[in-house]
Amino acid sequence: MDRRLEVIKATIILSAERGVHDAPMSEIYKKAGVSAGTIYHHFRSKDELLGETYIWIMGKLAAELTGGLGSDYTYQERFTKYWTILFSYFEQNRDEYKYIEYTSRGPILSKEIKEEGNNQLIEVLEFLQAGMFQNVLSPMPVQLMMAIVLNSVMTSLHYIEEQSHINLDQTINIALTSCWKGIKA
């Protein structure tokens, strides 16, 4: 694996364990098994590393979301598939989920980095825009709709983590249905 990717993965792991602010560059390069010179060869600063890590995760997520959605499904069925893929991805990649959660809110990442990360999800944004154009979804800024969908997934994951005795399939179905009802026209 290339060293740049090792650094990104170490950043994700340490940020998930400690929080972004408590993951210093010195610990990141140790976790990645590279030298300080190597980390600074690939990333000029921690801000740049955090931004590139965010963009890398969003690109990986976009690749997951773009697979297998044919036009022979209803809009709601395609939405269900997107939501379920998003949920499954973050459920299986908890450190990435925590990283996105830490960095997507507040001033950790610049507006430009967040936009570049969101642009990785252009197919999903276009799908949501098409739903609004077709009057299937309520009209609103597409970034707001994407935030609502993403937050419903993250809130569901939090809830599931905190509960010891739940019917997982039923809980996921309730969350998905609630999200759909909240954005449909």
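A residue counts as buried when its relative accessible area is under 20%. By that cut-off, Y82 is buried, because its relative accessibility is 6%. The structure discussed here is a predicted model. Its chain contains 10 helices and 0 strands. The points below cover the overall fold, an aromatic cluster, a cavity, a pocket, one helix and two backbone angles.

**Overall fold**

- Read from the N terminus, the order of elements is α-α-α-α-α-α-α-α-α-α.
- The radius of gyration of the chain is 18 Å, which agrees with the value near 16 Å expected for a compact globule of 185 residues.
- Along the principal axes, the C-alpha atoms occupy a box of roughly 55 × 40 × 30 Å.
- Buried residues make up 43% of the 185 residues of the chain.
- Taking contacts between residues at least 6 apart in sequence, 68% connect residues at least 24 apart.

**Aromatic pairs**

- The model has 7 aromatic pairs.
- One of these is the stacked pair of Y75 and F127, with 4.3 Å from centre to centre and 5 degrees between the planes.
- This pair connects distant parts of the chain, since Y75 belongs to helix 5 (residues 75-92) and F127 to helix 8 (residues 122-133), 52 residues apart.
- Both partners are on the buried side of the cut-off: Y75 counts as buried because its relative accessibility is 9%, and F127 counts as buried because its value is 5%.
- F127 also pairs with Y82, in a tilted arrangement with 4.7 Å between centres and 55 degrees between planes.
- The pair of Y82 and F127 again joins helix 5 to helix 8, across 45 residues of sequence.
- A cluster linked by ring pairs takes in Y75, F79, Y82, F127 and W180.

**Cavity**

- There is 1 cavity of 30 Å³ or more in the structure.
- The volume of the largest cavity is about 70 Å³.
- Its lining consists of L65, F79, Y82, W83, L86, V124, F127, L128, M146 and V149.
- F79, Y82 and F127 are among the residues of this lining, and these three also belong to the aromatic cluster.
- Helix 5, helix 8 and helix 9 each contribute at least two residues to the cavity lining.
- The greatest contribution comes from helix 5, with 4 residues.
- By class, the lining comprises 10 nonpolar residues, with no polar and no charged ones.

**Pocket**

- The largest pocket has a volume of about 380 Å³.
- It is lined by 15 residues, and those closest to its centre are Y54, S104, N118, Q143 and A147.
- Helix 4 (46-65), helix 7 (111-119) and helix 9 (142-162) each provide at least two residues of this lining.
- Helix 9 supplies the most, with 6 residues.
- The pocket lining splits by class into 7 nonpolar, 4 polar and 4 charged residues.
- Helix 9 thus appears in both linings: it gives at least two residues to that of the largest cavity and 6 to that of the largest pocket.

**Helix 6 and its cover**

- Helix 6 spans residues 94-104, and its buried residues are E96, Y97, Y99, I100, E101 and T103.
- The cover over these buried residues includes helix 1 (3-18), helix 4, helix 5, helix 7 and helix 9.
- As a general point, residues three or four places apart in an α-helix point the same way, because the helix has 3.6 residues a turn.

**Positive phi angles**

- G106, just after helix 6, has a positive phi of about 75 degrees.
- N135 is a residue other than glycine with a positive phi, near 60 degrees.
- N135 sits in the loop between helix 8 and helix 9.
- With a relative accessible area of 62%, N135 is exposed, because the cut-off for that class is over 50%.

Notes
Residues numbered from 1 in each chain as written. Predicted model: local features only at pLDDT ≥ 70, side-chain atom pairs only at ≥ 80, totals over all residues. Heavy atoms only, no water. 1 Å grid on protein atoms, 1.4 Å probe; cavity = no way out; pocket = protein on both sides within 12 Å on 5 of 7 lines; lining within 4 Å. Points joined across faces, edges and corners; volume = space filled by probe spheres on them. Nonpolar A, V, L, I, M, F, W, Y, C, P; charged D, E, K, R; others polar. Phe/Tyr/Trp six-rings, centres within 6.5 Å; stacked < 30°, edge-to-face > 60°. Buried < 20%, exposed > 50% of the residue type's maximum accessible area, 1.4 Å probe, protein only. Rg over C-alpha atoms; globule rule 2.2 N^0.38 Å. Contact = heavy atoms within 4.5 Å.
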